[in-house]
Amino acid sequence: MPTHATCWTTAAALRTAGRTVTLLEQDPGHRFGQDSPSPTPRNGVPQGRQPHVLLHRGLCAIEELLPGSREQLVAAGGVPLDTGSVAWLGERGWAPFGTPAYELVSATHPLVEHLVGQRVTALPGVSLLTGFRVGGLNRTPSGDGWLVQRPDGPPLRADLVVDASGRGSRLPQWLPPHGCGHLPTSTVDARFGYASRVYSAPADVLGSAAGIIVLPTRRVPAGGVALPVEGDRWLVAAVGAGEHRPPRDPEGFEGFLRRLRDPALADLAARARPLTEVAVHRRTGNLRRHYERLPHWPDGLLVTGDSMCALNPVYGQGITVAALQALLLRQALTRDTTPGWERRLLRGFARAADLPWAMATGEDLGHLGPGRPAGVVATLFGHWSGEVDRLAAHGNTRAQRRLDRVYHLMGSPACLFDPRLVASVIRGRLLGLPAPTPRPPFELEGIPTP
Ligand SMILES: Cc1cc2nc3c(=O)[nH]c(=O)nc-3n(C[C@H](O)[C@H](O)[C@H](O)COP(=O)(O)OP(=O)(O)OC[C@H]3O[C@@H](n4cnc5c(N)ncnc54)[C@H](O)[C@@H]3O)c2cc1C
């Protein structure tokens with residue numbers, strides 16, 4: 001089982017169920033002891049240099065798996081903030097600002113990985129083998145377990161193998177000898193790209209605004225985000241689809257921010273001191289491998305996280321899905337390991353990914369235009385959530401809180417059909433909507449004007 005967000009949460013789940021866990025990581029430089037160096041982005045992990053948001057449901061799930069993680073992250077400098085205080089420019093205008101919503105703890109990906117990795121590798125019964133590149137999967141001669149192959153050493157025996165090797169997983173190539181049948185896959189790629197840079201500025205630099213999000217829209221698929229992270233730094237990212245992907249050079253990056261629908265991100269970048277180069281990432285397509293649909297599935301094998309469902313990271317859902325799948329694994333190991341449990345659990349994993357997949361691909365199909373229509377239900381749902389979003393952009397805080405609830409995976413999309421919201425939509429259509437939500441105040445405190 002390779003090491004990363006999915007692997008940490010999965011290992012924590014396996015440990016609570018009393019299993020002995022060996023983590024296999026191809027990266028030779030992965031260390032988590034007390035003597036390990038301070039967290040820096042790892043090669044081969046592109047998200048290390050990009051903003052990483054843990055949705056509120058993900059924060060709760062990790063806390064459930066590893067109690068005290070939130071406190072630890074805050075103690076290490078992670079910035080706790082309320083999403084209701086993040087200035088959010090959606091497709092139809094500014095979201096209501098300042099009403100308490102959900103907590104996030106904003107930190108760089110390397111810090112989160114470091115802390116969670118340290119916790120997990122310190123658990124009794126967990127060991128980490130680095131520089132172990134898994135090269136294949138064979139049955140033991142007696143057929144009661146697996147031999148995990150590596151190119152340069154003897155195989156490792158395991159009763160249960162969990163593939164958490166991410167989007168580039170090679171499990172589909174290793175499965176055919178095990179008679180599983182043809183693996184169906186789904187892809188939706190709106191060709192989003194990221195460009196990010198770290199700046200020096202205190203967490204309260206924007207005054208009452210805890211961060212800024214400018215969403216890409218169908219008409220202008222370009223946006224950005226700025227969030228404070230540990231060490232009095234801000235991560236500022238530009239995102240865009242297709243021809244609107246942001247460039248790597250600093251002037252082009254700042255010019256991109258300047259052309260967004262609102263100047264807040266560009267103003268912050270212009271007045272804060274850059275600490276890094278601009279890092280880009282462009283592998284963002286949604287990819288789903290439907291293992292749960294295979295006619296046959298071998299015992300002692302599971303697939304989780306990005307290996308099973310890699311989502312466009314722009315929507316910030318990947319770690320949350322992995323953590324929810326880990327909770328399901330923990331539940332299954334303590335309640336149901338009767339024959340076929342792996343297959344049943346894969347179906348549960350798939351259900352945990354269904355809503356995030358529908359949200360990410362629904363948005364991305366919209367960016368791809370009429371050539372790639374979404375299904376009828378997705379189209380109708382997209383229209384309705386657009387109506388609720390319009391209410392929010394005209395000051396309706398109930399509409400905004402319901403959208404937040406769905407976005408943070410804290411509730412079912414059915415909450416958008418609350419009769420009070422339906423009444424507000426009808427009233428708005430018949431009588432017109434109140435004035436648009438005003439732009440939140442950005443004070444840019446603590447940074448001298450250049
Ligand atoms: C730019 C970017 C931004 C993102 N932003 C967010 C965000 O804001 N919020 C969020 O929740 N998610 C975000 N994600 C997604 C999130 O990082 C992933 O969903 C999450 O980390 C789970 O990934 P994973 O652990 O399943 O796979 P990965 O992160 O890909 O990790 C796989 C691990 O397996 C190792 N490995 C691969 N093959 C082998 C092998 N053969 N043998 C041994 N080891 C192997 C790799 O070295 C790696 O350590 C982002 C992703 C990217 C790329």
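These are my notebook entries on helix packing, aromatic pairs and one glycine in a predicted model.

**Setting up**

I am working with a predicted model, so I kept its thresholds in mind: local features need pLDDT of at least 70, side-chain atom pairs count only at pLDDT 80 or more, and totals for chains, interfaces and linings use all residues. Residues are numbered from 1 along each chain as its sequence is written, and side-chain values use heavy atoms, with hydrogens and water left out.

**Entry: α10 and α11**

I began with helix α10 (residues 376-393) and helix α11 (residues 397-407). Helices here are DSSP runs of H or I with at least four residues, strands are runs of E with at least two, and both are numbered from the N terminus. The two helices pack at an angle of about 130 degrees, their axes 7 Å apart. For the axes, lines are fitted to C-alpha atoms, for helices over the stretch in contact, and angles run from 0 to 180 degrees between N-to-C directions. That makes α10 oblique to α11; under 35 degrees would count as roughly parallel, over 145 as roughly antiparallel, 65 to 115 as roughly perpendicular, and the rest is oblique. I noted the crossing as left-handed, meaning that the near helix is turned anticlockwise from the far one by less than a right angle.

Which residues of α10 and α11 meet? From α10 I listed Ser385, Val388, Asp389, Leu391 and Ala392, and from α11 Ala399, Gln400 and Leu403; contact means heavy atoms within 4.5 Å. The residues of this contact divide into five nonpolar, two polar and one charged. In this scheme Ala, Val, Leu, Ile, Met, Phe, Trp, Tyr, Cys and Pro are nonpolar, Asp, Glu, Lys and Arg are charged, and the others, Gly among them, are polar.

**Entry: aromatic pairs**

I counted four aromatic pairs, taking rings of Phe, Tyr and Trp (its six-membered ring) with centres within 6.5 Å; planes under 30 degrees apart are stacked, over 60 edge-to-face, and the rest tilted. One of them joins Trp88 and Tyr407, edge-to-face at 5.6 Å centre to centre, with 70 degrees between the planes. Trp88 sits in strand β3 (residues 86-90) and Tyr407 in α11, 319 residues apart. I checked Tyr407 for exposure and found a relative accessible area of 23%, so it is partly exposed (buried is under 20%, exposed over 50%, partly exposed in between, with a 1.4 Å probe and protein chains only).

Next came Phe381 and Phe417: their ring centres are 6.3 Å apart and their planes at 45 degrees, so the pair is tilted. Phe381 lies in α10 and Phe417 in the loop between α11 and α12 (419-431), so the pair ties together parts 36 residues apart in sequence. Phe381 is partly exposed at 26%, and Phe417 is partly exposed too, at 43%. I also found that Phe381, Trp384 and Phe417 form one aromatic cluster.

**Entry: Gly240**

Is Gly240 buried or exposed? Gly240, in strand β15 (residues 233-241), is buried, with a relative accessible area of 0%. Its C-alpha is 5.6 Å from that of Gly193, although the two are 47 residues apart in sequence. Beyond neighbours within four places in sequence, its contacts include Arg191, Pro221, Arg245 and Phe256. Phe256 also appears among the buried residues of helix α6 (residues 250-258), and what covers those residues includes β15 and α7 (264-271).
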